[in-house]
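Subject: Structure for your review

Dear colleague,

Please find below the structure that I am handing over to you. I should be grateful if you would read the notes after it alongside the coordinates.

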Amino acid sequence: MINNNDAIQYNLTQALTGPTCPVCRCLAEATRRFLDNLMYEFVNDNQTRDRLRATRGFCREHAWTLQKMGDPLGHSILYADLIDAYRQHLEKKGLLSKIKSTKFGQGKEEECLACREEREMERRYIFGLLRALNNGEFREAYRSSAGLCLPHYQLAEQQATDGDVRATLREVQIDRFAKLSAELKEFIRKSDYRNVDELPGEERDAWIRAVGLWVGSPHVEKEQRPFRHKKQPV
Ligand SMILES: [Zn+2]
Ligand SMILES: [Zn+2]
């Protein structure tokens, strides 16, 4: 019986029915939740603002993930804060240029906060997946899932200590790669002018799925989530 009290295992079990790598799916959800909470805190909490200033905001990937989540007010506050801090830094640098050079946002926390969180969550989800694969019910569900993206497969395979678990991971992965490769070849075949009359089948979006399988899924898929309502600080 799957232990649904274990949030990691529960989320993974839910993600097994999705069309993409279940670890990517869980991480995307965790990252969205993290960013959502961080922005919620940020609007009212000076410490969070200091942390974001120290990391110069987010990395490119997470900055755009957050942007796609919406929240115009949160973004306005965040970027006005960062821009003003950088402007002041430039002004100060102009005054101090002959004395010493200073770096903007050179604090202890230089890494994007979402990257750091995501790495930790990834470690927990890979560990959770390997543990869950010892469960027969989960293993069966995993066999009919989309399989892992290449980066998560490699992480899982490196960390798997159980021979059966490693064999399951490998079998599923070989099968998913074989299917996708066949779909890509079918797409190529139908792109030939001699076959233009054939209707496109399931292979029509194989090229998009190939990118996801190779590098992992994007954080924000087509659906967008409404942002939590926030009040501007007074
Ligand atoms: Zn993945
Ligand atoms: Zn990041």
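The notes below cover the conventions, the overall fold, the cores, one helix pair and one residue.

This is a predicted model, in which local features need pLDDT of at least 70 and side-chain atom pairs count only at pLDDT 80 or more, while totals for chains, interfaces and linings use all residues. Residues are numbered from 1 along each chain as its sequence is written, and chains are lettered from A and ligands numbered from 1 in the order in which they are written.

The chain has 10 helices and 0 strands (DSSP runs, H or I of at least four residues for helices and E of at least two for strands, numbered from the N terminus). Of its 234 residues, 26% count as buried (20 or more other C-beta atoms within 10 Å of the residue's own, against 12 or fewer for exposed and in between for partly exposed, with C-beta atoms placed from the backbone). Among contacts (C-beta atoms within 7 Å) between residues at least 6 apart in sequence, 76% join residues at least 24 apart.

The largest nonpolar core (buried Ala, Val, Leu, Ile, Met, Phe, Trp, Tyr and Cys residues joined through C-beta atoms within 7 Å) has 29 residues, of which Val23, Cys26, Leu27, Tyr125, Leu129 and Ala156 touch the most other members. Two or more residues each come from α1 (7-15), α2, α6 (113-132), α7 (136-143), α8 (150-159), α9 (163-190) and α10 (206-215). Helix α2 gives the most to this core, with 6 residues. Another core, of 11 residues, lies apart from it and includes Leu35, Leu52, Phe58 and Leu66.

Helices α6 and α8 pack at about 60°, their axes 10 Å apart (lines fitted to C-alpha atoms over the stretch in contact, with angles from 0 to 180 degrees between N-to-C directions). The two helices are therefore oblique to each other (neither under 35 degrees, nor over 145, nor 65 to 115). On α6 the contact is made by Ile126, Leu129 and Leu130, and on α8 by His152, Leu155, Ala156 and Gln159.

Finally, Asp36 is found in helix α2 (residues 22-44). Asp36 is partly exposed, with 17 other C-beta atoms within 10 Å. Asp36 and Met69 are 33 residues apart in sequence, and their C-alpha atoms are 8.5 Å apart in space.

Yours sincerely

Technical notes. Contact = placed C-beta atoms within 7 Å.
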